[in-house]
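Me: I've got a model open and a pile of labels on it, such as buried, edge-to-face and hairpin. Can you walk me through what earns each label?

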Amino acid sequence: RLLVTAHIEKLFAFAPLTIESPASLSSFVNTFRENLSAIQALGVKDLAGFILFYIGSRVIDPMTRRLFEATVAKSEIPNLDLLLDFVSQRCNVLENVGTNVNVSFVGNNPRNYEKTFGRATTKNIQGKRSEKTSLAAVNPNKSKNCLFCGHPHMIYKCFGFRKQPVNSRRDFASKNQLCFVCLNSGHMKNACTTSYTCRKCSGKHSTLLHSTDYTTKSNTDKISDISGKSTTSCNTTQFSGAVHTETTVLLGTVVVRVGDSTGVLQPVRTALDSGSKVSAITVDCVNRLGLQRRKCPVDVIGVSQQPVNTVKGQTNFNFFPIQADAPEFKVINSIVLPHIMSTMPSKVVPAEVRDRYRHLVFADPQFDHPAPVDMLIGGDLYPSVIQSRADVIHTEGLPSAMNTHLGWVIISVLQDNTLNPLTSLSISTVPTIEELIQRFWAVEEPIESTTATTQDKQCEDWFVRTTKRDATGRYYVGLPFRTVVCPPDISDSRCQDDNSVVLGSSRTSALNQLYNLERRLMKDSELYTAYRAFMDDYTSLGHMKLAAEPGKYFIPHHPVVKHSKEELKIRVVFDASAAYSSGALLNDCLVTGPKLQTKIGDVLLRSPLQKFIFTADITKMYRQIRVHEQDRVYQHILWRSSPSDEVQEFELCTVTYGFNSEDGSDFPLVKNVLLTVTYVDDIFVGADTLEEILEAKNQIIGLLNRGGFSLKKWASNCPEILNKIVKEDRAMTPWIEPTKEQAVKVLGKHWDSVQDNFGYYSAIEPVTPTKRSVLSTVARFYDPIGALGPMVFWAKG
């Protein structure tokens, strides 16, 4: 029954719709359907009767409701007829009782009630005296009297209660068993259903009962909560530090009398600050005086142009000096803030200051003792407070005294030989909602460094110094060992010997992995044939050859297989990350260097914006770059074409996949192509005119030919580009997708070069529609530029 009641309460708590919109109507449908379905699933037979019972039970008095509940079984679902029968019976009982019961409720919770008994009443009806009867009356509209003063208002509006110290208010609330949140009787704090929070510390208690104990506890909870979370936070600290100071700054403080809502003048401690453009008053002071607040239509900017997000409105009031009834100052549109500043002064002022100016009438009699500030007089009122041709008394080594309409004010800097406590300084920014949404949609990837590290710079210098080219223009590079490229003080001790590198014995492990590879290949004859063809091609192209000397590091190798409907495609990967006896990896001993290639999203978005585009693939790009002969001893592999042959030792002559490491003045049109529109070995070039795209094609071919590189897999939306490209070098194997269209795959996207359209295709198999299957299908879409974001977001929702 409790579950059914909870679902009914959700239906009655649904807020009325004021604007017609898809979101609001959808919320209406979902809320009612979900709760009605849950009620039906609980087996409620008479839903209409229970709803009518729920409506009736909300309007009867608490005593009758409790007595009724005592007669109903816990698992029974009552209806309205059952309630009406009980109430009728209860009415008969009350009529037979010889007392007049007047029930009045105290507070918002009717469970706490007072009974006042009166005399029985008699009536004469048509000359006949009736029997004595008793009437039970419930008067919910009766005004509620304040428990503190007895007047008809709520206790939190009572000026007498507000004037009491915090400890006295707390003792009164405890003595009268009032809720510390809403200040009503009948329930305690842990059972309070209101959403009120303290305006000072946001704690679950009334602002009138706020004390420093709450603040200390709240701060402790926040600190422990923050320490338990990860270091990622929405607030980004831009500056932090600490400072000692040998001076104490005294802002002029005055005590003025401010009229409250009843016309009584109340003392308020105020600070004078000509640097502030507006005057301000604290929320606590506004509540204590009973001033009327209204919304603040302007933005308030603080120090360092930081917005003040805690403005609680603005108000108007008048104030007078503490010593006289004139002049009167009117404050218009004073900003209401939770806090203005810390205590002023920060510590007790030396006694010689008061002795020096003891003949003056101070605007603040306790200016030399730290105390809170409830009001700030800014630049809008500051000139009115200062007297015309005001007298100022200067004393060397002490603060100055200035005469104002409010009295003499002590102001200036106080020199102090003792250091003040360490003050921590921090400035943090809270991201806007736009930044939070952008961060929500951002792809999760490591943050890239915008500045080159020392190691990256050393790697680039070493590369420029050691890279050579032969007579044909082909590049020769060396392996960038960490102990050679970087200074010895940041090198890895595992990679040092006479030749700066030691990796331990690796031949035995490489031989065992070759045997395991052969056993795997013998189970798949088609894969074994393709693997042999790849290794034979590697040898015939001169990318590896029989080793002339023993190797210092042996690289294991294995195939990466891609099955298609027409053929089997493999790529042999040489694993330089394999660990051997010393525990060191070859890749650990090499410097990675900075990232040079452009992001794939930038490449895909830049070129398609132009009218003509073409794409091509650099053929075996890594294998066109040779490795210096002295470094090839670290690139040895073991291989044989058949298990019956003897195992042979080969050395790789070119840069291989799996390794950490990787002029254009005569070609001005494409000198930046390799940096801006190339992703690994895929080139994606665009131009707005036919002449420019043809010239770009010729220059990119000429530039790459100088380094021994060639281009294949040509595709373009311009037929003139492909006219002089042989068929073998064109992208002749289109991707056949479920749409029966032909498309060339470019960096994960499908491009129909005839229609010049980019698209996304996926073969979705018929499965049972579950959350897991939907997310699995959505994850198959490769979308580096986020074009499918709205659809993916809808599918995930």
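**What's behind the labels**

Reply: Let's start with T207, which has 12% relative accessibility and so counts as buried. Keep in mind that this is a predicted model.

Me: What makes 12% enough for T207 to be called buried?

Reply: The cut-off for buried is under 20% relative accessible area. T207 comes in at 12%, so the label applies. The residue sits in the loop between helix 7 (166–175) and helix 8 (212–228). Leaving out residues up to four places away in sequence, T207 touches T197, C198, R199 and K200.

Me: Which backbone atom lies 3.1 Å from a polar side-chain atom of T207?

Reply: That's the backbone nitrogen of R199. The limit for a polar contact is 3.5 Å between N or O atoms, and this pair is at 3.1 Å.

Me: What about V72, why is that one called buried?

Reply: Same kind of check: the limit is under 20%, and V72 has 11% relative accessibility, so it counts as buried. V72 is in the loop between helix 4 (62–71) and helix 5 (80–96). Beyond residues up to four places away in sequence, V72 touches R1 and L82. As for L83, it is 11 residues from V72 along the chain, with 10.0 Å between the C-alpha atoms.

Me: And how do you know that M535 is buried?

Reply: Its relative accessibility is 0%, so M535 counts as buried. M535 is part of helix 16 (residues 525–540). Setting aside neighbours within four places in sequence, M535 is in contact with M544, V572, I637 and W639. There's also S641, 106 residues from M535 in sequence, yet 8.6 Å from it in space, C-alpha to C-alpha.

Me: On to helices. How do you know that the buried residues of helix 1 are on the same side?

Reply: The buried residues of helix 1 (residues 2–12) are V4, T5, H7, I8 and L11. They cover an arc of only 160 degrees around the axis, which puts them on the same side of helix 1. In general, an α-helix has 3.6 residues a turn, so residues three or four places apart point the same way. The face turned away from the buried side of helix 1 carries the exposed residues L2, L3 and K10. Helix 2 (22–41) and helix 3 (47–57) are included in what covers the buried residues of helix 1.

Me: Why do the buried residues of helix 21 count as lining one face?

Reply: In helix 21 (residues 771–779), the buried residues are S773, T777 and V778. Down the axis of helix 21 they fall within an arc of 135 degrees, so they line one face of the helix. K771, R772 and A779 are exposed on the other side of helix 21.

Me: Now strands. What makes strand 28 largely enclosed?

Reply: Five of the six residues of strand 28 (residues 682–687) are buried, so the rest of the structure largely encloses it. Strand 23 (residues 612–618) pairs with strand 28 in the antiparallel sense over six bridges, and D617 stands opposite D682 there.

Me: How many bridges join strand 27 and strand 28?

Reply: Two, in the antiparallel sense, with strand 27 covering residues 678–679. Pairing needs at least two bridges, and two is what this pair has. D682 in strand 28 is the bridge partner of Y679. Strand 27 and strand 28 form a hairpin with two residues between them, and V680 in the turn has a positive phi of about 60 degrees.

Me: Last topic, rings. How many aromatic pairs are there, and why is F14 with F28 called edge-to-face?

Reply: There are 17 aromatic pairs in the structure. For F14 and F28, the ring centres are 5.9 Å apart and the planes are at 65 degrees, so the pair is edge-to-face. The limits are 6.5 Å between centres and over 60 degrees between planes. F14 lies in the loop between helix 1 and helix 2 and F28 in helix 2, so the pair ties together parts that are 14 residues apart in sequence.

Me: What makes F28 partly exposed?

Reply: Partly exposed runs between the 20% and 50% cut-offs. F28 has 36% relative accessibility, so it counts as partly exposed.

Definitions and conventions:
Residues are numbered from 1 along each chain as its sequence is written. This is a predicted model: local features need pLDDT of at least 70, side-chain atom pairs count only at pLDDT 80 or more; totals for chains, interfaces and linings use all residues. Side-chain values use heavy atoms; hydrogens and water are left out. Buried means under 20% relative accessible area, exposed over 50%, partly exposed in between (1.4 Å probe, protein chains only). Helices (H or I, at least four residues) and strands (E, at least two) are DSSP runs, numbered from the N terminus. The arc is that of the directions from the helix axis to the C-beta atoms. Contact means heavy atoms within 4.5 Å. A polar contact is a pair of N or O atoms within 3.5 Å; within protein, one must be able to donate a hydrogen and the other to accept it, and residues adjacent in sequence count only if both atoms are side-chain atoms. Rings of Phe, Tyr and Trp (its six-membered ring) pair if their centres lie within 6.5 Å; planes under 30 degrees apart count as stacked, over 60 as edge-to-face and the rest as tilted.
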